[in-house]
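Reader: I'd like a close look at one part of this protein: the salt bridges. Could you walk me through a few of them, with where the partners sit and how covered they are?

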Amino acid sequence: MKLKYFIPSLVAVVAALFTSCAKDNDPSYLEGIRVSQSYVSLNTAGGSTEIELTANGNWEFEKIFEVKEKEGDKEVVKHYATPTWLKVNQESGAAGETKLVFSAEAGEGRSCELIITSNGEEQRIRVIQGLVTIENASCAEVLAGPDSKTYQVTGVVTSIANTTYGNWYINDGTGEVYIYGTLDAKGAEKNFSSLGIEVGDQVTVQGPKTTYNGTVELVNVTVVKIVKSLIKVDSLTVDGAVSSELPVAGGEITAHLTCKGTGVAVEIPAEAKEWLGVTSSTVGANPTVTFYAKNNEGGDREVTVTFKTTDGSKEYTSQATITQKGAIIETNVADFLAAEVGTTNYRITGVVTELYTSDKQGESFYIQDYSGKVLVYRAAGFKDSGAKVGDVVTVVGQRGAYKSTPQMVSGKFEAIKYAVQTATITELLAKEDDKNTYYMVTGTITSLKDDKGNDNDYGNLFFSDGTSEIYVYGCYPGWGATGDDRKYLIQDNNIKVGDQITIIAYKTSYNGVPQLSKGVCFSFKHAN
């Protein structure tokens with residue numbers, strides 16, 4: 001009789017114990033932060049799922065997902081609470097109950113783990129959309145496939161962009177995919193060199209796909225297999241010295257190879273055949289291939305040549321990039337803005353109108369001439385030169401763009417052509433005449449007639465600083481203006497007597513009377 005009643009009681013006690021243990025071990029039941037479920041499943045067709053969060057204090061999602069973004073021409077890594085494919089309606093909040101809604105567009109085979117923190121406690125939530133599987137695919141299939149899906153692909157290493165993180169390109173003949181980050185044999189980052197991967201090797205990798213600024217990438221891949229290439233470029237030499245760069249005048253460059261296959265074939269891209277060709281080659285285990293480049297009358301140029309060999313059944317490749325310095329094109333701002341984005345180098349001379357304060361390195365500024373104004377983004381040497389706003393400077397760089405806005409990139413600060421001095425008209429009158437010393441002078445226009453009282457197109461005017469007055473013989477729209485480009489500053493900008501104007505010019509005299517000559521307008525301000 002006692003046994004009859006004892007057994008149900010024992011079952012109830014055991015059940016209570018298991019319930020208690022399950023609750024204690026379930027991360028959904030932390031003391032200070034709890035969620036109604038720590039596993040969230042989303043439909044592969046897209047949609048959303050809602051859970052409840054209860055917290056005793058302020059809470060927030062940790063920003064653990066890295067996303068590459070562009071700032072100017074620099075790539076930066078920013079951190080977010082969710083991967084790009086997943087959205088959550090609220091990323092932080094106060095104590096109490098909160099409804100969290102997780103949503104995603106149609107997709108499959110992707111998952112992530114999110115972390116919510118509150119008062120030192122961590123609540124982890126696993127989000128999954130479809131089954132996470134590794135799919136064997138060609139590069140073409142990776143390029144066409146959905147983001148966040150994990151792929152395994154085999155191809156040849158065509159180039160290596162970063163040897164610390166392991167950023168490189170893989171090509172299997174159907175297409176080319178960028179590898180952004182490669183894990184070492186122990187799954188660690190920033191140890192790419194330990195893998196010994198070289199251009200030409202055949203490599204099999206696994207990793208999730210993402211798309212960044214239109215570029216398809218496999219991120220933080222795991223290397224499954226490496227088949228070393230039978231051909232390797234050991235070095236490039238120019239005139240006997242190790243170098244991959246040819247001078248503007250052209251000449252010969254020799255590739256020194258190691259080859260374990262049968263024969264060596266060379267492939268030069270069609271767009272480079274007009275200026276680069278093979279002049280000679282040798283055979284053996286350490287063959288050489290010598291190229292000849294023509295004189296370069298354009299901008300900097302480069303080409304990647306491919307060397308091929310075979311073991312009788314399979315083809316192996318290796319590559320080398322040859323560069324050639326180009327002639328620098330002297331131009332004005334307007335023509336620079338109209339040029340195509342590329343590696344051609346341009347030289348611009350103009351006035352520094354303002355510093356680009358968003359650049360913490362202090363190497364960026366705006367330059368203006370008579371034809372226009374452009375941002376020079378990070379011209380090496382600008383900060384150390386001591387150049388300031390108002391100075392006339394020369395800079396060399398390439399036509400780039402940020403969000404479709406033109407700018408000069410990869411620039412080099414060449415020189416301060418004129419270090420412009422600030423002076424009042426009163427101070428200027430005491431200066432010696434000197435065509436090589438430029439001053440920045442501000443005053444109020446008192447007359448728009450020339451010194452003979454005639455109207456004019458070249459910006460002849462008188463202006464005063466309130467104490468002294470001086471005649472300006474020519475005030476042009478900007479630095480570098482010649483011919484008719486010097487005309488119509490006054491008319492085009494509706495400048496009137498009484499307006500304030502700042503002019504950069506040198507001091508000279510005419511018939512013993514001091515004047516400013518061949519000035520350029522730095523800025524003006526209408527009186528009304």
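Author: Here is a tour of some of the charged pairs, with a nonpolar patch at the end.

Keep in mind that this is a predicted model. A search of the whole structure turns up 19 salt bridges.

Let's start with Asp-201 and Lys-228, whose side chains meet in a salt bridge at 2.7 Å, N to O. Asp-201 lies in the loop between strand 15 (176-182) and strand 16 (202-212), and Lys-228 in the loop between strand 17 (215-227) and strand 18 (231-238), so this pair ties together parts that are 27 residues apart in sequence. The two ends are covered quite unlike each other: Asp-201 is buried, with a relative accessible area of 2%, whereas Lys-228 is partly exposed at 38%.

Next up is another Asp and Lys pair. The side chains of Asp-300 and Lys-325 meet in a salt bridge too, here at 3.8 Å, N to O. This pair also links distant parts of the chain, 25 residues apart: Asp-300 is in the loop between strand 24 (288-293) and strand 25 (301-310), and Lys-325 is in the loop between strand 26 (315-324) and strand 27 (329-330). Asp-300 has 18% relative accessibility, so it counts as buried. Lys-325, at 36%, counts as partly exposed.

Now for a pair that sits in strands. Glu-414 forms a salt bridge with Arg-347, and their closest N and O atoms are 2.8 Å apart. Glu-414 belongs to strand 33 (residues 405-418) and Arg-347 to strand 28 (residues 345-355), so to speak two distant parts of the chain, 67 residues apart, linked by the pair. Here the acidic partner, Glu-414, is partly exposed, with a relative accessible area of 37%, while Arg-347 counts as buried at 18% relative accessibility.

Back to Asp-201 and Lys-228 for a moment, as they have company: salt bridges that share partners join them with Glu-198 and Lys-232 into one network.

Finally, something without charges. Val-264, Val-266 and Val-278 form a nonpolar patch on the surface, and together they have about 190 Å² of accessible area. One of them, Val-278, is found in strand 23 (residues 276-281). Val-278 is partly exposed, with a relative accessible area of 43%.

Terms used. Residues numbered from 1 in each chain as written. Predicted model: local features only at pLDDT ≥ 70, side-chain atom pairs only at ≥ 80, totals over all residues. Heavy atoms only, no water. Patch = residues over 30% accessible without salt bridge, like charges linked within 9 Å, V, L, I, M, F, W, Y side chains within 5 Å. Areas by Shrake-Rupley, 256 points an atom, 1.4 Å probe, with all protein chains shown as cover. Salt bridge = Lys/Arg side-chain N within 4 Å of Asp/Glu carboxyl O. Helix = DSSP H or I, 4+ residues; strand = E, 2+ residues; numbered from the N terminus. Buried < 20%, exposed > 50% of the residue type's maximum accessible area, 1.4 Å probe, protein only.
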